[in-house]
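Welcome to this set of short exercises. Try each task on your own before you read the worked solution.

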Amino acid sequence: MMLMDLHTHSNFSDGKNTPEEMIQTAVELGYEAVAITDHVWRTSAWVPDYAEHLEQLKAKFRGLIQVYSGIEAKVLTLDGDIDADASFRPLVDLVLGSFHRIPKPNGFYSKTSDAHIPRTEIVEHWLVSFRRMLDNPLVDIIAHPLSELKGFGIQKDQIPTKELVDHIAASGKILEINVRYNSVDEPIIQMAAEQGVPLIVSSDSHSAIDMVNNSVLVKDLSNRGFQRVDIERYIRNRKHRF
Ligand SMILES: [Zn+2]
Ligand SMILES: [Zn+2]
């Protein structure tokens, strides 16, 4: 399977290096593919320029590495809407949907002022928005699953993992194993692997140095068979839908 990293950030959002520096680092690491997936908001007017810049870099690095363009957007509401304008979708190859906050009926849960809310209620809202995000056609990859729960003191055995994995499997979306947040021993990853959910291993690197450091785990997990998506084929098939 391809050695690749499909979740990285550049200085178009909160990364430290340019997209070109990130791609060059991926080349030096011996990767066959890399995606730049900067954080966006619905109001991010720079996305068309960013996408155009990545197209130029694809051409520049042709023959050295396959470059993909992407964006990462957080889930905003219980309806599974993400913080990306629909017009961004055809401009990039990959859209990552992630939980950076947990939605509630009017906004997001706060770790401080919502401390008294029962954990079961927070889990319930997290699950609703997660399931609706799985129905959101804008999203390709579920980034760092479960990452937001820990901050609310919610343990992995407090979520209905089996039910969630069934929904992920039915959605056809790709589940990310994020080396910053996930371990392959987690029940959600184990169960997803058993059910044949498409899995990818990504680093979420915010600098070239990060990418080098994270490459140890990315390569290890790839060698252990957790990099399971033919991403070129996935993107080709997906493009027919836009
Ligand atoms: Zn993220
Ligand atoms: Zn990220």
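**Exercise 1: the chain as a whole**

What percentage of the 242 residues in the chain do buried residues make up?

*Solution.* Before we start, note that this is a predicted model, where local features need pLDDT of at least 70, side-chain atom pairs count only at pLDDT 80 or more, and totals for chains, interfaces and linings use all residues. Residues are numbered from 1 along each chain as its sequence is written, chains are lettered from A and ligands numbered from 1 in the order in which they are written, and side-chain values use heavy atoms, with hydrogens and water left out.

Step 1. Fix the term: buried means under 20% relative accessible area, exposed over 50%, and partly exposed in between (1.4 Å probe, protein chains only).

Step 2. Buried residues account for 54% of the 242 residues.

Step 3. Now look at the build: the chain has 7 helices and 9 strands. Helices (H or I, at least four residues) and strands (E, at least two) are DSSP runs, numbered from the N terminus.

Step 4. The radius of gyration is 17 Å, close to the 18 Å from the globule rule for 242 residues, so the chain is as compact as a globular protein of that length. Here the radius is taken over C-alpha atoms, and the rule is 2.2 Å times the number of residues to the power 0.38.

Step 5. The C-alpha trace spans about 55 × 40 × 35 Å along its principal axes.

Step 6. Of the contacts between residues at least 6 apart in sequence, 77% join residues at least 24 apart; contact means heavy atoms within 4.5 Å.

**Exercise 2: an annotated stretch**

Find which residues the annotated domain covers, and describe the chain there.

*Solution.* Step 1. An unreviewed UniProt entry carries the annotation "domain: Polymerase/histidinol phosphatase N-terminal" for residues 4-77. UniProt positions are in the numbering used here, feature names are shortened, and annotations may be inferred rather than shown by experiment.

Step 2. Over residues 4-77 the chain is 32% helix and 24% strand. The C-alpha atoms at the two ends of this stretch are 31 Å apart.

**Exercise 3: the zinc ions**

Name the protein donors of the zinc ion (ligand 1), then say which residue coordinates both zinc ions.

*Solution.* Step 1. Donors are N, O and S atoms within 2.8 Å of the metal (3.2 Å for Na, K and Ca); water is not among the atoms, so sites may look incomplete.

Step 2. For ligand 1 the protein donors are E72 (OE), H100 (NE2) and H144 (NE2), at 2.0 to 2.2 Å. Their spacing in sequence is E-x27-H-x43-H.

Step 3. E72 coordinates both the zinc ion (ligand 1) and the zinc ion (ligand 2), which are 3.5 Å apart.

Step 4. E72 belongs to strand 3 (residues 66-74), while H144 sits in the loop between strand 7 (141-142) and helix 4 (161-171), so the pair ties together parts 72 residues apart in sequence. Both E72 and H144 are buried.

**Exercise 4: salt bridges**

Compare the surroundings of the residues in three salt bridges: K60 with E20, K58 with E55, and K74 with D83.

*Solution.* Step 1. A salt bridge is a side-chain nitrogen of Lys or Arg within 4 Å of a carboxyl oxygen of Asp or Glu. The structure holds 12 of these salt bridges.

Step 2. In the K60 and E20 pair, the closest N and O atoms are 2.7 Å apart. This pair links distant parts of the chain, K60 in helix 2 (residues 47-60) and E20 in helix 1 (residues 19-28), 40 residues apart. K60 is exposed at 53% relative accessible area, and E20 is partly exposed at 29%.

Step 3. K58 and E55 meet at 3.0 Å, N to O. Being 3 residues apart in helix 2, they are separated by about one helical turn. K58 is buried at 13%, whereas E55 is partly exposed at 36%. Salt bridges with shared partners join E55, K58 and D93 into one network.

Step 4. For K74 and D83, the closest N and O atoms are 2.8 Å apart, and both residues are buried.

**Exercise 5: V197**

Is V197 buried or exposed, and which residues does V197 touch?

*Solution.* Step 1. V197 is in the loop between helix 5 (187-194) and strand 9 (199-202).

Step 2. With 2% relative accessibility, V197 counts as buried.

Step 3. Leaving out residues up to four places away in sequence, V197 touches V165, I168, A169, K173, L175 and A192.
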